[in-house]
Protein chains: 2
Amino acid sequence: MKRVAEYIHGYTYGSPDVAKSQVSQRELEDLKVSVGFTDEDQRYLLLAGEVLADQTRRIVEHWRSGIIAGIPNLARHSRSPEGDALPDYLAKSNLRFEQWILDTCLRPYDQEWLNYQQEIALRHTSQKKNKVDGVQSTPFVPLRDIIAFVAVINETIRPYLSAKGHSAEDVDKMHRAWCKSLQLQLALWARPYATSGQTPNEW
Amino acid sequence: MKRVAEYIHGYTYGSPDVAKSQVSQRELEDLKVSVGFTDEDQRYLLLAGEVLADQTRRIVEHWRSGIIAGIPNLARHSRSPEGDALPDYLAKSNLRFEQWILDTCLRPYDQEWLNYQQEIALRHTSQKKNKVDGVQSTPFVPLRDIIAFVAVINETIRPYLSAKGHSAEDVDKMHRAWCKSLQLQLALWARPYATSGQTPNEW
Ligand code: HEM
Ligand code: HEM
């Protein structure tokens, strides 16, 4: 599997430290049907992965330094409770965010992927945020902000998808596949937030 | 305000029967910032409203009869617990769904709109599903299916946005504004699902 760096701090994809997802394969298959995810989408995600592979750094900079950093209500989640920058936390989670772009495009959506989806979700909740980097920051990212930010990610990924000279039709198809994958992942990430006793009131 | 029919059963937008939203105006403003919703988006939603106004019936047919009806895991939510069709339930909720397209495009996103967002959300949960039409059907629509289906709605709305001969650029801008609004609404709808004690385990 392609990686954005040889060592990615806290990136535990496929490792035995990652708990089994509480979502079943059957629920995943149903979700794929509900988002309308097809074999064509899968192929166009692979193409998107090729197109984005050498742009992940710029993309994550764009999202995190270019957009989130300018929105105090969002920026605080990568800062200390007093509002100070935590450059090491930002750098480490940025690198995992970069790798996620590749994983979204290039990984098979199998049991290991499903397990890591749950891990990503939990790392935004009070169960796991801040833990893997050993920092003090906000206790969780509210679910509503994750849902909202998907709109930004979907809008801003487009120019990166068209940066390698593919036809408008191919860019459209890559973009459509990307948006479906994001919505599928969002559905999976919502689970701990919506399951009682797990992360109450982190909407 | 433009309506899809003179009488829309169960459509209580703006009426005193609709409870005040538990989301504050401040939280709404923050969410608009997080999805990147601009004045330009607002203008293009108005244009989308003009474009879609005489197509709402075909669009909702497309979504509900053309897509959801073919996915048993989704279709069951408009059927009886035994799986029988409930044509009256379908027709009535279809009409409200049509009106929602206009509301999405043409209404100001003010307190009344916020209140009705909560009402729409609750009507998908065990708190309010089936009530306004007095039917027996599944107790709730899982949050994950709503999140997933947004991808389908966003993909399939496009041809309807371009059906009136607007330039590709205008269609793009209408579509972008639409997708942001949907993600904003989805964030609002997630609240009862993610708030403890309200609708436990309806993920
Ligand atoms: C489209 C929405 C989002 C996506 C796709 C996304 C994706 C990710 C990914 C892939 C990671 C790294 C997971 C890992 O450890 O391997 C991550 C971590 C993180 N994200 Fe997000 N995220 C989203 C929304 C947000 C928002 C809105 C915020 C806050 C403004 C946020 C703040 C964080 C933080 C602080 C971490 C580090 C968590 C930790 O302590 O381990 N994310 N995100
Ligand atoms: C993009 C996602 C969705 C949107 C925008 C949406 C929108 C709406 C709207 C506007 C209404 C009428 C609200 C009112 O009473 O005024 C409604 C009702 C309803 N929706 Fe959805 N919906 C979505 C997803 C789903 C899914 C995935 C299902 C099930 C497969 C579903 C099933 C229903 C049902 C059964 C009702 C009637 C609820 C009642 O008993 O009052 N919806 N929806």
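How many salt bridges does the rule count over all chains? The count comes to 30 over all chains of this predicted model. The close-up views below take up the interface of chain B and chain A, the two iron sites and a salt bridge within chain A.

**Figure 1. The contact between chain B and chain A draws 37 residues from chain B and 37 residues from chain A.** Between them, the two chains bury about 3,100 Å², of which 63% is on carbon and sulfur atoms. Ser34(B), Gln183(B) and Trp203(B) provide 22% of the area that chain B buries against chain A, more than any other three residues.

**Figure 2. Six salt bridges are found across the interface of chain B and chain A.** In one of them, the side chain of Glu155(B) meets that of Lys180(A), with an N to O distance of 3.1 Å. Polar contacts between chain B and chain A are counted for seven residue pairs, both residues being at pLDDT 80 or more. On the side of chain B that touches chain A, the elements giving two or more residues are α1 (25–35), α4 (72–75), α7 (143–161) and α8 (168–194) of chain B. Classified by residue type, this side of chain B comprises 21 nonpolar, seven polar and nine charged residues.

**Figure 3. The iron atom of ligand 1 has a single donor from the protein, His124(A).** The donor atom is NE2 of His124(A), 2.1 Å away from the iron atom. His124(A) belongs to the loop between α6 (111–122) and α7 (143–156) of chain A. An N or O atom in the side chain of His124(A) is also 2.8 Å from a nitrogen atom of ligand 1.

**Figure 4. Ligand 1 is surrounded by 23 residues.** The closest are Tyr89(A), Arg96(A), Tyr116(A), Arg123(A) and His124(A). In the side chain of Arg96(A), an N or O atom is 2.6 Å from an oxygen atom of ligand 1. Arg64(A) places a polar side-chain atom 3.2 Å from a nitrogen atom of the ligand.

**Figure 5. Asp133(A) and Arg96(A) form a salt bridge, with their closest N and O atoms 2.9 Å apart.** Asp133(A) is situated in the loop between α6 and α7 of chain A, whereas Arg96(A) is in helix α5 (residues 87–106) of chain A, so the pair ties together parts that are 37 residues apart in sequence. Arg96(A) is also among the closest residues to ligand 1.

**Figure 6. In chain B, His124(B) is the only protein donor of the iron atom of ligand 2.** The donor atom NE2 of His124(B) is at 2.2 Å from the iron atom. The loop between α6 (111–122) and α7 of chain B contains His124(B).

**Figure 7. Ligand 2 is surrounded by 23 residues.** Tyr89(B), Arg96(B), Tyr116(B), Arg123(B) and His124(B) are the closest. Oxygen atoms of ligand 2 are approached by two of these side chains: an N or O atom of Arg96(B) is at 2.6 Å, and a polar side-chain atom of Tyr116(B) is at 2.7 Å. Arg64(B) has a polar side-chain atom 3.2 Å from a nitrogen atom of ligand 2.

How values were computed
Residues are numbered from 1 along each chain as its sequence is written. Chains are lettered from A and ligands numbered from 1 in the order in which they are written. This is a predicted model: local features need pLDDT of at least 70, side-chain atom pairs count only at pLDDT 80 or more; totals for chains, interfaces and linings use all residues. Side-chain values use heavy atoms; hydrogens and water are left out. Contact means heavy atoms within 4.5 Å. Buried area is the accessible area (1.4 Å probe) that two parts lose on being put together, summed over both. A salt bridge is a side-chain nitrogen of Lys or Arg within 4 Å of a carboxyl oxygen of Asp or Glu. A polar contact is a pair of N or O atoms within 3.5 Å; within protein, one must be able to donate a hydrogen and the other to accept it, and residues adjacent in sequence count only if both atoms are side-chain atoms. Helices (H or I, at least four residues) and strands (E, at least two) are DSSP runs, numbered from the N terminus. Ala, Val, Leu, Ile, Met, Phe, Trp, Tyr, Cys and Pro count as nonpolar, Asp, Glu, Lys and Arg as charged, and the others, Gly among them, as polar. Donors are N, O and S atoms within 2.8 Å of the metal (3.2 Å for Na, K and Ca); water is not among the atoms, so sites may look incomplete. A residue is near a molecule or strand if one of its heavy atoms lies within 4 Å of it.
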